[in-house]
Structure formats: structure tokens, C-alpha cells
Amino acid sequence: MALGFFNRLKAGLSRSTQKLSDGITGAFTRRKLDDAALEELEETLIAADLGTEVAARVIAAFRRTRFGREVTDEEVKTALAGEIAEILAPVARPLEIDPAHKPFVVLVVGVNGTGKTTTIGKLAQHYAEAGLRPMLVAGDTFRAAAVEQLQIWGQRTSAPVIAGAANADAAGLAFEALTRAAAEGADVVLIDTAGRLHNKSVLMEELRKIIRVIRKHDPSAPHATLLVLDATTGQNAIQQVRVFKEMVDITGLIVTKLDGSARGGIVVALAEAFGLPVHAVGVGEQAADLRPFDAEDYARGLVGT
Amino acid sequence: MFEALSDKLSGVFDRLRGRGTLGEADVAEALREVRLALLDADVALPVVRDFIARVRERAVGAEVLESVTPGQQIVKIVNDALVEQLGGAGAVPVNLNAAAPIPILMVGLQGSGKTTTAGKLGLRIQTRERRRVLLASLDTQRPAAQLQLQQLGERAGVTSLPIVAGQTPVEIARRALDTARREVFDVVILDTAGRLSIDAALMDEVRAIRDVAAPAETLLVVDAMTGQDAVNTARAFNEALGVTGIVLTRMDGDARGGAALSMRAVTGAPIKLAGTGEKLEALEDFHPERVAGRILGLGDVVGLVEKASETLDEQEAERIAARIAKGKFDLEDYAAQLRQISKMGSLSSILGMLPGAGKLKAQIDDSKLDTAILKRQAAIIGSMTRAERRAPDIIKASRKKRIAAGSGTSVQDVNRLLKQFDDMSTMMKRMNKLGQKGLMRHGLAALMPKGGAPMGGGRRPF
Ligand SMILES: Nc1nc2c(ncn2[C@@H]2O[C@H](COP(=O)(O)OP(=O)(O)O)[C@@H](O)[C@H]2O)c(=O)[nH]1
Ligand SMILES: [Mg+2]
């Protein structure tokens with residue numbers, strides 16, 4: 001994973017940052033960093049989904065140190081990436097599997113279609129490669145064929161999948177799975193859940209119930225509650241994270257679909273607002289398409305260096 | 001960030017009350033706020049630029065009507081332009097004017113909601129148009145995607161093409177059309193794999209599918225939460241395929257939905273349908289006039305009413321409404337309302353739908369006030385005697401102490417509740433005076449005490 005990692009990340013991210021990079025190049029080749037130039041730069045950040053407030057703050061900080069200078073394209077990009085990397089650095093924290101918890105229970109939540117199930121497949125692959133024994137729990141008992149989808153990921157990654165009958169109670173299933181995981185000596189249990197919009201209180205309550213039931217088995221579980229966030233999401237991601245955090249105390253984020261043209265700038269706003277760790281990013285639909293989140297790479301990717 | 005545009009504009013225009021026409025400087029200042037509101041609602045930057053230019057042209061020199069403030073006037077101009085840009089009033093139906101079997105192609109990014117929408121659309125055409133529909137999944141990419149559509153078909157009572165392993169999407173498309181001809185289906189809905197607009201190979205593939213199917217409709221399915229990337233996606237799919245209609249999914253969320261404007265501006269294609277829930281029936285006509293207000297942060301009044309009617313106990317609501325109308329609203333009614341509100345879910349997401357409540361919502365977000373406060377208030381009211389609830393005026397110092405002790409709160413909390421109840425009663429009296437129409441037109445702002453923060457004049461809302 002180590003060697004090919006940066007190249008793959010770059011390949012994924014460079015496509016998504018092509019436009020942004022063009023914008024900055026156009027604006028800054030040997031040019032004075034004046035009001036107009038800064039405004040263009042701010043707009044480029046807005047177009048990357050940083051949001052108006054965060055973009056304004058980043059540019060304000062930038063202005064203090066560099067206003068009026070003659071700068072090249074390269075200098076601007078590097079400095080701006082540095083500015084953004086500073087915001088992202090504190091949240092770049094991998095998900096540590098604490099062996100004291102056996103099994104280590106990971107609950108995966110998020111709105112519909114963000115990539116929860118796929119990410120579980122990728123995580124299973126990753127942990128299996130790391131020599132751990134993952135177990136998958138098909139907790140999305142609502143969406144059509146969601147169970148079968150996870151079962152295919154189980155086959156691909158040779159991980160056992162615990163599934164119940166159609167429309168089974170997800171909480172009950174999770175409980176049963178933890179019992180099995182303990183008996184079978186699994187190291188990591190990855191629990192899939194049905195997608196849900198954060199403003200549906202009944203569905204959010206259901207998620208809390210899953211957690212309550214899990215705790216009957218192990219009061220310290222879940223040891224991680226991951227929110228899977230689609231990189232194409234705009235400003236609503238803030239509300240999404242706020243509510244999920246409030247309701248189910250998410251412990252970290254995974255950002256998917258960074259192989260697309262969306263730049264995922266909302267992550268900068270999220271880092272500022274919540275400081276939740278970003279554990280990994282998804283850069284494709286295959287099992288190998290999961291990368292650690294690296295603040296500098298991400299920031300460089302955002303500004304296109 | 002969630003402050004409603006009308007709140008901001010009323011700030012901008014406070015000093016402009018009573019001028020004849022809108023001047024260039026005033027308009028420029030107001031449009032700066034409009035620009036931010038649109039960007040915060042995820043309208044893509046280039047689309048915002050064009051839109052602002054157009055509005056500026058209309059607004060400068062416009063007469064300010066007698067009955068409204070300049071701020072309201074601008075909001076109206078912006079709102080009208082937005083409705084127009086979103087396609088004008090009313091909905092555009094899915095085109096079924098073609099020789100049977102009519103192919104409908106569903107395309108979009110991964111996870112945008114294509115498959116669910118295909119199932120919903122099948123059900124809708126079958127029940128409303130009484131046409132025979134065949135569903136076919138061409139998604140050979142995502143695990144169990146074909147199975148998902150098949151199961152959706154079973155739930156909806158819509159036939160789906162039998163799954164044959166190993167076929168390419170183009171082969172499945174051919175088989176679907178052959179089957180539809182042979183078995184006399186009226187409409188064939190072709191669901192495709194999600195694809196990134198920059199994935200050249202997969203974009204070629206969907207072009208090949210389009211060539212084989214010659215669809216009467218190519219529907220681009222887009223998540224209402226989409227950010228700035230909406231323009232890239234829309235442009236790429238439109239250039240590759242010629243999009244004929246847009247479906248905006250997850251409109252039951254609380255995203256402002258600016259992607260609608262971006263998509264429409266880039267493709268020129270009408271937004272035809274809106275996905276509004278997980279149930280198979282939750283597919284509706286797209287109403288530009290509703291979404292315009294939502295994008296501007298003026299609140300989706302209709303959406304609020306719908307959400308309320310979904311969760312509220314209607315009889316209870318009517319009983320309370322009747323008491324409000326009679327000016328008899330007391331703390332018992334308020335407690336009943338609290339129970340209803342807690343049922344509706346997160347307070348801030350509800351307030352986000354209310355016109356003019358942006359500030360209030362921001363305060364709630366800031367101070368993390370939410371359902372916990374409702375519970376506390378319910379506890380306070382629960383510790384009152386029936387007489388106290390019916391005539392809160394009798395609650396003086398000693399009663400307050402007793403109530404606070406009984407509910408595990410402080411006298412201050414009790415005071416706050418009483419003050420709030422007082423404000424609310426005042427508000428309701430105004431509401432009665434304004435009538436329902438006034439409320440719709442001017443929003444909650446019409447009910448607020450002038451100059452101060454909403455409810456409780458400058459203090460926190462609760
Ligand atoms: N391009 C790309 N597609 C992804 C990524 N992660 C998930 N997807 C796709 O997004 C769609 C929804 O994923 P799924 O895991 O079913 O989402 P869920 O509803 O949250 O479980 C599927 O088509 C996945 O293949 C990613 O990192 N990149
Ligand atoms: Mg899933």
C-alpha cells in the first residue's frame with residue numbers, strides 16, 4: 001500500500017483539481033497579489049465547496065501575509081495549500097484498531113448513497129491485508145438488495161457476513177453478530193446501516209437504538225462510529241455532520257468519491273467546525289480504492305500542485 | 001450561514017425605508033447578500049454570477065411599491081427571477097409522446113438515487129398513466145444493483161427484465177427493448193450504473209447505450225445536496241448524451257437545493273421530478289416556485305406544512321388552531337404543542353423551513369438549544385397545577401419556586417418560559433389580525449416585534 005499510495009491518490013485527486021488548478025494558474029502567473037487577484041482566489045475556493053465563510057477566512061489570513069507582493073503561480077499555490085493543510089492537519093488521524101477491544105466494533109452511518117457499504121468492503125479488505133479478521137454485519141435491512149450487496153463484498157474480501165431475514169430488526173442483528181464475533185474470534189466488526197437523512201428523527205432514533213443494543217453486549221462499543229460523506233456534497237454536509245454527531249456521537253469521517261470532479265472542499269469547513277478526525281478517503285469503486293487522509297496531499301490536491 | 005436572506009436584507013435596507021426607486025448602490029449592496037445566500041445554498045459560482053447580473057439589470061431603477069420595504073422588493077425581484085430560471089411556475093411532465101415501447105434512460109453519478117427513482121417512476125407511470133412498464137437494470141458495475149431494481153419492481157408491482165449474468169449494458173438494453181416489443185410494454189425504464197462525468201470509458205459506454213436505446217427521455221438524476229460540482233456533472237452528461245430532464249432526489253432532506261438552479265442553467269433541461277422520501281410513492285412533480293424560496297432561505301412554507309401534516313396529530317393541531325383563533329391559547333395548549341414539536345424532530349431543521357426564522361435558527365444552532373429545551377419546558381409545565389396552566393397570570397414568586405423545585409429547574413427557567421409564553425400569545429394575537437394570507441406573504445417576520453430579535457426582544461429565544 002505504501003509505494004503506490006501517493007501516486008494513486010494523486011491520480012484520483014489530480015483529476016478533481018484540474019479545474020481549480022487552471023483557475024489559479026490563469027489568475028496568478030507573475031501577477032501582483034492585489035484585491036482583484038485575491039477575490040479570484042477566493043472564488044476558486046468557493047467553487048471547490050469550501051463555503052463562503054471559510055473561503056473568506058482563508059483568504060483573509062492569506063492577505064495579511066502576502067498582500068501586494070509579486071507572486072508566481074507556484075508560490076501562490078504552495079502557500080495557499082500550506083494555509084489549508086494547517087486547518088486539515090489536526091483532523092488527519094487514521095482509525096486505530098485498539099486490540100484491547102476484541103472485537104473492535106465499528107458502526108458505519110450516513111445518508112443514502114454516500115458509499116457506506118462500499119467503504120465497509122474496502123475496510124474489510126484493508127484489515128484482512130493487515131492480518132486482522134474482519135466480520136461484516138448487513139445492518140441495512142431496509143434498502144432492496146443491500147444485504148446481497150454486502151454479501152458480495154464479503155465474498156470479494158473473504159470476510160464472513162452476518163445477515164438476518166429481510167426487514168429484520170437491525171439492532172437485534174447487530175447484537176447477534178457481536179455474540180458470533182466473540183465466539184468466532186473476529187478482530188473487527190464492521191456494521192453496515194441503512195442510509196438515512198439526518199433530519200428524519202425517527203430514523204435517527206433507530207440508529208440510537210442500535211447503539212443501545214450493542215452496548216448491552218459490550219458497554220464500550222461501538223469503538224468507532226464512522227460517518228461516510230460523499231465528496232460531492234455541498235454546504236448541507238455541515239448540518240449532516242452536526243446532527244449525526246449530536247444524535248450518535250460520530251467519532252470520525254470517511255470521505256468518498258474523491259476520484260470524481262468534486263473537490264471535497266467542504267472537508268475544510270468541517271475540520272474547522274467540528275474537528276472530527278478524517279480517517280480515510282474513497283477514490284474508486286474497487287476494494288483497493290481506499291486511502292489514508294493526508295492533510296498536505298489533500299490541501300495540495302485542492303489547490304492543484 | 002443559515003441566516004435567512006430576508007433577515008440579512010432587512011438589515012441592509014433598514015435605513016432605506018421609504019425611498020422611491022432602487023438605486024444602483026443599494027441594489028449592489030443587496031445583491032452582495034443575495035450572492036452569498038445563493039452560494040451558501042450551493043448554487044454554482046458561474047451560475048450565481050449570471051443570475052446576479054440579470055437581477056441587477058431588473059432591479060436598478062425599479063419602483064418600490066407603497067406597501068413593501070425595499071428589502072422585500074428586492075427579495076421579490078430575486079424570487080421571481082429564480083422561479084423563472086428554474087422553469088417558471090408549474091411542473092413539466094415526463095415525455096411519453098413516442099412510439100411504444102417508450103425508452104426512458106436514467107443516468108447520473110454514483111449514489112444519486114437512480115435505481116430508487118427508476119422504481120418510483122415505473123410505479124408512477126403504471127398507476128397514473130395506466131401504461132405497462134418494464135424496468136431494466138443495466139448496472140453491471142455495482143454489486144447486486146440489478147437485484148435491487150428487481151426487488152423494487154416486485155415491491156412496486158412493476159415487471160422487471162429477468163437478470164442474465166454476464167451481459168454487457170448494451171446487450172441488456174437491446175434485450176430490454178426486444179422484450180418490451182415482444183411482450184407489448186408501453187414504457188421501458190433503463191437504469192444505468194452510476195458514473196463519474198470524468199470517467200471517459202464509462203461515458204463512452206452510456207453513449208453507446210443511448211445510441212442503442214434512442215430514449216424519449218434521458219433523465220439526469222441528481223442529489224439535492226450536491227455542491228458546486230453540479231455544473232461539471234450537468235455539463236458533462238449533457239454534452240455526452242443530451243439530457244432532456246432532471247430529477248432532483250432527497251428533497252425531503254434539509255439541503256437548500258441550489259444544485260437545481262445550476263443543473264437547469266447548464267443543461268437548459270427542465271427539472272421534471274423531485275424525490276421526496278424513501279417510499280416508492282415519494283416522487284413528485286417539481287414546483288419551481290416552492291424551491292425558489294427554499295434556495296433563498298425564505299423557507300419552504302409548503303414543505304413545512306407538508307412535513308407538519310405528516311407528523312402532527314391533525315385533530316390536536318386543529319383544536320389548538322381553534323383556540324389560538326379564539327385567543328384562548330394557554331399553557332396546556334403550549335404543552336400539547338411541545339409534544340407535537342418533539343415528534344417532528346430537530347427543531348432547527350424545522351425552523352430552517354420557516355420564512356424569516358433564519359436568525360432564530362442560527363441562535364438555536366449556536367446555543368445548541370434543541371429538543372433538550374423542549375423537554376425542560378415540558379417538565380416545567382408538568383409541575384404546574386391545572387389552574388396555573390390555564391391562567392399563567394396567577395404564577396407569582398412562591399408558585400414559581402415550587403414549580404422550579406418540582407421540575408428540577410430554576411426560577412429563572414420558569415420566568416423564561418412565562419416570558420416566552422407571553423411573547424407567543426402576543427404573536428398569536430398579531431397572527432390573528434394578519435390572517436393566513438398575511439402570514440404567507442410576509443412570513444414569520446411580520447410577527448416579530450419590530451427591531452428586536454424574534455421572540456423575547458433581544459434575549460435568547462428560550
Ligand atoms: N467513484 C466512486 N464511487 C464510489 C465510491 N464509494 C462508493 N461509490 C459508489 O457509490 C454508490 C453508492 O455506494 P454504496 O456503498 O451502495 O452507498 P450506501 O448507500 O451508502 O451504502 C455505488 O455505486 C458505489 O460503487 C468512491 O470512492 N468513488
Ligand atoms: Mg448501503
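Helices here are DSSP runs of H or I of at least four residues, numbered from the N terminus. By that count, helix α10 of chain B runs over residues 259-267. Gly268(B) follows α10(B), and its phi is positive, near 75°. The whole model is predicted.

**The two chains**

The table sets out the make-up of each chain. The last column covers contacts between residues at least 6 apart in sequence, and gives the share that joins residues at least 24 apart.

| Chain | Length | Helices | Strands | Buried | Contacts at least 24 apart |
|---|---|---|---|---|---|
| A | 305 residues | 11 helices | 10 strands | 57% of residues | 79% of contacts |
| B | 462 residues | 20 helices | 8 strands | 47% of residues | 75% of contacts |

**Where the chains meet**

Chain A puts 37 residues in contact with 35 residues of chain B. Four helices of chain A each supply at least two residues to this side: α2 (35-46), α3 (52-66), α6 (146-157) and α9 (236-248). Which helix gives the largest share of the side of chain A that touches chain B? It is α6(A), with 4 residues. By class, this side of chain A holds 11 nonpolar, 16 polar and 10 charged residues.

**Ligand 1**

Ligand 1 also sits between chains A and B. Its shell has 24 residues. The closest are Gly115(A), Lys116(A), Thr118(A) and Gly282(A), together with Gln110(B) from the other chain. Helix α5 of chain A, residues 116-129, gives the most to the shell, with 3 residues. How many residues of each class surround the ligand? The shell has 15 polar, 6 charged and 3 nonpolar residues.

**Nonpolar cores**

The largest nonpolar core has 185 residues. Val106(A), Leu136(A), Val189(A), Leu190(A) and Leu190(B) touch the most other members. Why does this core lie between two domains of chain B? Domain 1 (5-85) and domain 2 (102-297) of chain B both give residues to the core, so it lies between them. A second core is separate and has 8 residues, among them Leu331(B), Ile380(B), Met384(B) and Val414(B).

Val189(A) shows how one of these residues is placed. Leaving out residues up to four places away in sequence, Val189(A) touches Pro103(A), Val105(A), Val106(A), Met135(A), Val137(A), Ala177(A), Leu178(A) and Ala181(A). One of these partners, Val106(A), is itself among the residues of the largest core that touch the most other members.

**Helix α10 of chain B**

Back to the helix that ends just before Gly268(B). Is α10(B) mostly covered or mostly uncovered? It is mostly covered: 9 of its 9 residues are buried. The nonpolar ones include Ala259(B), Leu261(B), Met263(B) and Val266(B). Ser262(B), Arg264(B) and Thr267(B) are buried too.

**Spans from the record**

UniProt lists residues 102-260 of chain A as "domain: AAA+ ATPase", in an unreviewed entry. Over that span the chain is 45% helix and 18% strand. The end C-alpha atoms of residues 102-260 are 36 Å apart.

For chain B, an unreviewed UniProt entry places "domain: SRP54-type proteins GTP-binding" at residues 270-283. This span is 0% helix and 43% strand. Its end C-alpha atoms lie 16 Å apart.

Definitions and conventions. Residues numbered from 1 in each chain as written. Chains lettered and ligands numbered in written order. Predicted model: local features only at pLDDT ≥ 70, side-chain atom pairs only at ≥ 80, totals over all residues. Contact = placed C-beta atoms within 7 Å. Near = placed C-beta within 6 Å. UniProt positions renumbered as here; feature names shortened; annotations may be inferred. Core = buried A, V, L, I, M, F, W, Y, C linked by C-beta atoms within 7 Å. Buried ≥ 20, exposed ≤ 12 C-beta atoms within 10 Å, placed from the backbone. Domains from an automatic or database assignment.
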